[in-house]
Every structure is written in C-alpha cells, then in structure tokens.
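Reader: I have a model open and do not know how to read it. Could we go through some of its features, one at a time?

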Amino acid sequence: MFTRDQLNALQEIINIAMGQGADRLARLIETFVVLSVPKLYAVKSSEDIHQAHQKMSEQPVITTRQSFIGPFRGEVLVIFGVNGANELAELMGYVDKGEEQIKEELILDLTNLLVGACVSGICEQLKLESSTFSSPGLFFEGGSLDAFMQGKALKDSKALLVEIQFRIESHAFACELLICISDASIKAVSDAVDRLIDSV
Amino acid sequence: MTMHIVIADDSSLSRKMVMKALPSTLKDVEITFARNGKEALDAYYSGKADVMFLDLTMPEMDGYTVLKSLKEIDANTIVIVISADIQPEAQQRVKALGAASFIGKPVTTDILRKRIHEIGLL
C-alpha cells in the first residue's frame, strides 16, 4: 500500500497533525497533554490489528467513528479506554453517574476535535483539498476491541493503524486512532506524499 | 570558524525540512543529524554542537531530557526546539529549561530565519 519512505513521511505528517489535536485538547481541558511517539502500521486485516494492537485491545474500550470525504477519503476510529474516558469526564466536571449522555457527548466532541485536527492537518501538509466530515458516532462500547474486530472489520478496505497516545499527566486517560483510507484515495495520498518527499 | 549544527529529530523528513529551511546566509557550517536524543547528546560530546535544533518527541531519550542535560553541562549551547507539540505549556517548559527559541512544526524558511535572526545567529 505504502513504501517504507512514504510510511515514515506519513508518520511525521500525522505527528504534526496530532500535535495540533493535542493543543486543542489541552485548551479544552486546561491540562497539559502528553503525546507519544506515533507508530504507523499498514493493515489489511483484523489479524494485523490484533498483532499491532494487543495492549490497548486487552482492556475494555469505547470506540467512536467519523468519516471524511474529499480527495482524502475514509473513516477514523478513535479508541478510548473506558476507565480513562470516565476519568476525563470527571476531570471536566461530569461526576454524576446519571450523566451518561453527557459523557457520550464529551467522547463524541473529543472524536470530532481529534479527527478534525488529524485529517485537516494531513490535507494541509499534503496540499490536498480539505475533507468534509460526517457527525461522529458511537461505534462500540464495552468489551475488548480485539473481540469486536474479529471477522468484522477491514474485509474490503485498507487502513493505517496509528498508535498515538494522548495521555494526561497523573490520569489514566489515553486514546488511539485507527485511520481507514478508502482504496480510491490511496493513490492521491501516495502521490502527495511523494511530492512532499521530492520537495525537500 | 566553523559552526557545528546538530539537527535532532527521529523523522528523516523533518531533518531534511530543517536543513532545507536553514538560510543560505549561514556560512561555514557543519551539519550533523541525530535520530534520537541519545545521538543528539553524543553529537554534543563529540564537539559538534554549537547550535542544536531539537525535536521533543523522540525515542530513546526525549527532547526535554536532552535539553536539560545539555544546559547542565554547558549553558552556552544554543538550543532551538522544533516540535509538533505546540501546546503553550510545552513552549513554557522548554523556555524554562533554557531553550533559545521554540518553533512549531512544520518548519518553514521564513520562521526559521526569523528565529535565527532573533537569537543573533545571523
């Protein structure tokens, strides 16, 4: 799908985009966000995800999804650990157990923020026309992502698994992103990455 | 006199972008690349770091640790942090550790030239 040079370049492009996402998140929660070194994997099957993603998939997760269209087209899954999501809600003052709906809205707002920063940042750096976004939605809650993914996802699509953690110091909150790119836009992305590499 | 410049970043794309953005008016420079924090410190110990362009998020040893170590060894080393982490607190932290300047990625020639001018390298 992508050459090693293209993946290395994409890793940095996504790192820069996610830095903007972290900045937006930090401003929202008024707390410093620690970014991990991003890791990228080209994945073709659920088994690839299983191998690349064992740590996060062992714990219960909340997964949201948001699609984007344009020359850069696809869908992003944002994977939140359940405990961390609860802690983030508490950090933002949503402490009552009766406020599940508010917590869900918070998670969806967070998805919008991170996916928007990531996809827009990628398009901007690759000089691709901006994508437009669907509303984010809750994809899956509870259990492990690994169990959910078995046989259900990525049968006919390709994806970049981006392991990037947003962590809040002294808290359990962390999340990861899975960017699925439609077959139709892989060439556009691949060509744009090559142009960027050739320009430096 | 030759100016030794270290560009420390785990991304080869970013290392090349920084090198390309360096103003051509910087004469007699020798550039060393470091792919992680440990290599950045090794470059300093080899006497090859008058100025360091330093990424924050790197494997082996992060930029904060490199900056802190460098400033403890030699407060005169000029460190310009270039990072994707553009949070105001990240910028405050590196300034507190002694960085001469902070530039958010992606770096451009205009911004890099402006910062280099501000700290008196040109």
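Author: We can start from a single residue. Phe173(A) touches Gly84(A), Glu87(A), Leu88(A), Arg167(A) and Ile168(A), leaving aside residues up to four places away in sequence. Keep in mind that this is a predicted model.

Reader: Where does Phe173(A) lie?

Author: Phe173(A) is in the loop between strand S8 (166–168) and strand S9 (175–181) of chain A. Distance in sequence and distance in space are separate readings. Phe173(A) and Gly81(A) are 92 residues apart in sequence, yet 7.2 Å apart in space, C-alpha to C-alpha.

Reader: Is Phe173(A) buried or exposed?

Author: The way to decide is to count C-beta atoms around the residue; 20 or more others within 10 Å make it buried. Phe173(A) has 26 C-beta neighbours inside 10 Å, so it counts as buried. Val61(A) is buried too, because it has 27 such neighbours inside 10 Å. That residue lies in strand S3 (residues 60–69) of chain A. Val61(A) and Gln11(A) are 50 residues apart in sequence and 24 Å apart in space, C-alpha to C-alpha.

Reader: How do I read the pairing of strands?

Author: Strands of a sheet pair through backbone hydrogen bonds, either parallel or antiparallel. Here, S3(A) pairs with strand S4 (residues 74–81) of chain A in the antiparallel sense, over eight bridges. Take Arg65(A) as a position to look up: its bridge partner in S4(A) is Leu77(A).

Reader: What lies between the strands in the hairpin of S3(A) and S4(A)?

Author: Four residues lie between the strands of that hairpin, and Gly70(A) takes a positive phi near 145° there.

Reader: Which other strand can I look at beside S3(A)?

Author: Strand S5 (residues 132–133) of chain A also pairs with S3(A) in the antiparallel sense, over two bridges. The bridge partner of Phe68(A) in S5(A) is Phe133(A).

Reader: What does the secondary structure of chain A come to?

Author: Chain A has seven helices and nine strands. Of its 200 residues, 38% count as buried. To see how contacts link distant parts of the sequence, take those in chain A with a separation of 6 or more: residues 24 or more positions apart account for 73% of them.

Reader: And how is chain B built?

Author: Chain B has five helices and five strands. Along the sequence the pattern is β-α-β-α-β-α-β-α-β-α. The order in a sheet is a separate matter from the order in the sequence. In chain B, five strands form an open sheet in the order S2-S1-S3-S4-S5, with parallel pairing. Strand S2 (29–34) and strand S5 (101–104) of chain B are the edge strands, each pairing on one side only. From one strand to the next the twist averages 20°.

Reader: Which pair in that sheet could I check by hand?

Author: Try strand S1 (residues 3–8) and strand S3 (residues 51–54) of chain B, which pair in the parallel sense over four bridges. The bridge partner of Ile5(B) in S3(B) is Val51(B).

Reader: Why does the radius of gyration of chain B agree with a compact globule?

Author: The idea is to compare the chain with what its length would give. For 122 residues a compact globule would have a radius of gyration near 14 Å, and chain B has 13 Å, so the two agree. The C-alpha trace of chain B spans about 30 × 30 × 25 Å along its principal axes. Buried residues make up 44% of the 122 residues in this chain.

Reader: Which residues touch the most other members of the largest nonpolar core?

Author: That core has 88 residues, and Cys118(A), Ala40(B) and Leu54(B) touch the most other members. H1(A) gives the most to this core, with 10 residues. Leu54(B) touches several residues of its chain, including Ala8(B), Ala40(B), Val66(B) and Val81(B).

Reader: How many residues of chain A are in contact with chain B?

Author: For an interface, count the residues on each side. Here 18 residues of chain A are in contact with 18 residues of chain B. On the side of chain A, helix H1 (4–29) and strand S1 (33–35) are the elements that give two or more residues. H1(A) gives the most, with 11 residues. By kind, the residues on that side divide into 10 nonpolar, six polar and two charged.

Terms used: Residues numbered from 1 in each chain as written. Chains lettered and ligands numbered in written order. Predicted model: local features only at pLDDT ≥ 70, side-chain atom pairs only at ≥ 80, totals over all residues. Contact = placed C-beta atoms within 7 Å. Nonpolar A, V, L, I, M, F, W, Y, C, P; charged D, E, K, R; others polar. Pairing = 2+ DSSP bridges. Axes fitted to C-alpha atoms, helices over the stretch in contact; angles between N-to-C directions. Buried ≥ 20, exposed ≤ 12 C-beta atoms within 10 Å, placed from the backbone. Rg over C-alpha atoms; globule rule 2.2 N^0.38 Å. Core = buried A, V, L, I, M, F, W, Y, C linked by C-beta atoms within 7 Å.
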